[in-house]
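User: I should like to go through a structural model with you, one question at a time. Please reason briefly before each answer.

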Amino acid sequence: MLPDWYAAASAIDLAPRRELPRRRGLLVRRALATLGEALARELGASEAPPASWLSGVEPRAKVIGSVLLIAIATALHHPIVLAALFIVVAAVALTAGVGVRRLVRVWLGVPLFSAAVILPAALNLVTDGPALFIICRLGPGAHIGPWALPSVITITRPGVVVAARFLLRALDCVSLAFILAATTDAPTLLNALRRLGMPKAFGMTLAMMQRYLAVLLRAAEDIHLAKLSRSIGASDLRQEQRWVAAGMGALFRRTRRLAEQVHNAMLSRGYDGDVQIGAPRRLRIGDGAWLAAMAIVAAALLAADRLI
Amino acid sequence: MRPVEWSELSEPIFEIENLEYRYPGGGVALRDVSFSIEPGERVAVLGANGSGKSTLLHLLDGLYFAGGGSVSAFGTRLTEETVDMPPFSHRFRRQVGFLFQNSDAQLFCARVDEELAFGPLQLRLPQADVEQRVADVLRLLEIEHLRQRSPQQLSEGEKKRVALASVLAMGPSVLLLDEPSSGLDPRTQQWLIEFLDELHHSGVTLVTASHDLSFVADTADRALVLSEDHRLVRDAPCGDVLGDTNLLLSVNLIHAHPHAHGPVTHAHAHRHDSGHEHEHPV
């Protein structure tokens, strides 16, 4: 019944082959799996956030408070006041049960990106003033094309203040946003944003994205594993590119089919184009106290910033 | 839990006449199909893969629309206009529930309790009623512990329960089920059979599309058989259909292949759930 070539050793099996570096296929697989797990954990998980005094505050109040403080942070000038805000935010985060490790990961990430953006502002090329450190001496008459350069490149004192202000603002804003996300599960946060006026369609799109991102990543991993299970040795670059393009096409087709099925499922349960969301719970005294505290902190920070 | 307004249903729920449907790409899905479904019936739509079972359910639920012939529900012809027009649209969506084959497509909200609340919210029910329905269906399907979970964290069996709960939260008097037993382990499958039986005794009309003959034997009284060329070839009591080996063989619902019993090897038409246990000539 089986053809002659089936399960028989042949010249193909014995030919020397450039072996695929094991790491390349494994790297892609691990990257997909890790990305999928991370996204599923951060976006898809809707387990209740750590129980604390902050998770009990009504989500709308938390959003309003966070947005208020973020707006204040962008308006503050003095680095000492910005640092004080950071200390307050850190204290709130730690007492609200947000893990130290997660906080440190976020805080370490901010300078990495922000410093790359703000570093030129610390130089005398951008911010003139008394020099703190000399970076290099270019000598008189230095220029790049038509632009003249100073004879010495330095880090200036005003430049350091500008950079510090920027970094602290970024740290404060990112920390505030992170605490909001860490103490409020994603579906609740999206509902709060919808009730505060975010367009329903936008909220629904975000919610669907959160719901299905992990599903699609898993599908992408499955496609990759299916290909790996039938791969022996290395393919050339053009073949790999063709395969990747075909895989992207296959994933897009699945996405479209899934989108149509989801739409039908929504229609069959009465969706008529206007998404209805449930009524929010009423604000309580504790929520009012939270909002009042945020307003007081904001006012105090602004006053301190003006006085120093 | 009794479906709403079931006692008002004295006319056929569905009337299908000379139904023709083609896929957007041009392929034929259904050819000259005619039947009706009365309130309280348990009907199975049987057929091999690609015979048009799922498509037929989509047509019954007003998600697809007939290219030829007609599909009527509650005395109203289902067209793109009528399905969207209140008050019929409201009544239709409330009365007819559809359990999709792909639970991932059915569960599109971020959390189980949101999923269950979706349908009642679309019906514009008061918040208190919505919350009551969510609590009731969680208890009915024994999934209270899944309330705050995300659908992607659930097993297939749990997803099926949640999907069913999300449909039941609207209180339908008719339930369309597309391959409900696919991907379920034996215990979950048995649970589903018993649950559907309870629903039926509460007055819910069941229409199940499946090629799983053992499942259908336990959940239907009447069978509509679709052939591989997309025609309705038999409409008869389930027992008669499942006993007609030639019919089942002709529509690719059972097969014949060689199998061995000790020293004896033979081939005949059978189902794997029961067919290997039989007498054979010595």
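User: At which residue does α8(A) bend?

Analyst: This is a predicted model. Helix α8 of chain A covers residues 200-228, 29 residues in total. Its first and last C-alpha atoms are 42 Å apart, close to the 42 Å expected at 1.5 Å a residue. The helix nevertheless bends by about 35°, and the residue at the bend is A:Y212.

User: Which residues of α8(A) are buried?

Analyst: A residue is buried if 20 or more other C-beta atoms lie within 10 Å of its own. In α8(A), the residues that count as buried are A:A207, A:Q210, A:R211, A:Y212, A:A214 and A:L217.

User: Why does A:I118 count as buried?

Analyst: A:I118 is found in helix α5 of chain A, which spans residues 100-118. Leaving aside neighbours within four places in sequence, A:I118 is in contact with A:A163, A:F166 and A:L167. A:I118 counts as buried because the number of its C-beta neighbours inside 10 Å is 20.

User: Which element gives the most to the side of chain B that touches chain A?

Analyst: Contacts join 28 residues of chain B to 28 residues of chain A. On the chain B side, the elements giving two or more residues are α4 (103-106), α5 (112-122) and α6 (127-140). With six residues, the element that gives the most is α5(B).

User: How many residues of the side of chain B that touches chain A are charged?

Analyst: By class, that side of chain B has 13 nonpolar and eight polar residues. The number of charged residues there is seven.

Conventions: Residues are numbered from 1 along each chain as its sequence is written. Chains are lettered from A and ligands numbered from 1 in the order in which they are written. This is a predicted model: local features need pLDDT of at least 70, side-chain atom pairs count only at pLDDT 80 or more; totals for chains, interfaces and linings use all residues. Helices (H or I, at least four residues) and strands (E, at least two) are DSSP runs, numbered from the N terminus. The expected span of a helix is 1.5 Å times one less than its number of residues. The bend at a residue is the angle between axes fitted to the seven residues ending there and the seven starting there. A residue is buried if 20 or more other C-beta atoms lie within 10 Å of its own, exposed if 12 or fewer, and partly exposed in between; C-beta atoms are placed from the backbone. Two residues are in contact if their C-beta atoms, placed from the backbone, lie within 7 Å. Ala, Val, Leu, Ile, Met, Phe, Trp, Tyr, Cys and Pro count as nonpolar, Asp, Glu, Lys and Arg as charged, and the others, Gly among them, as polar.
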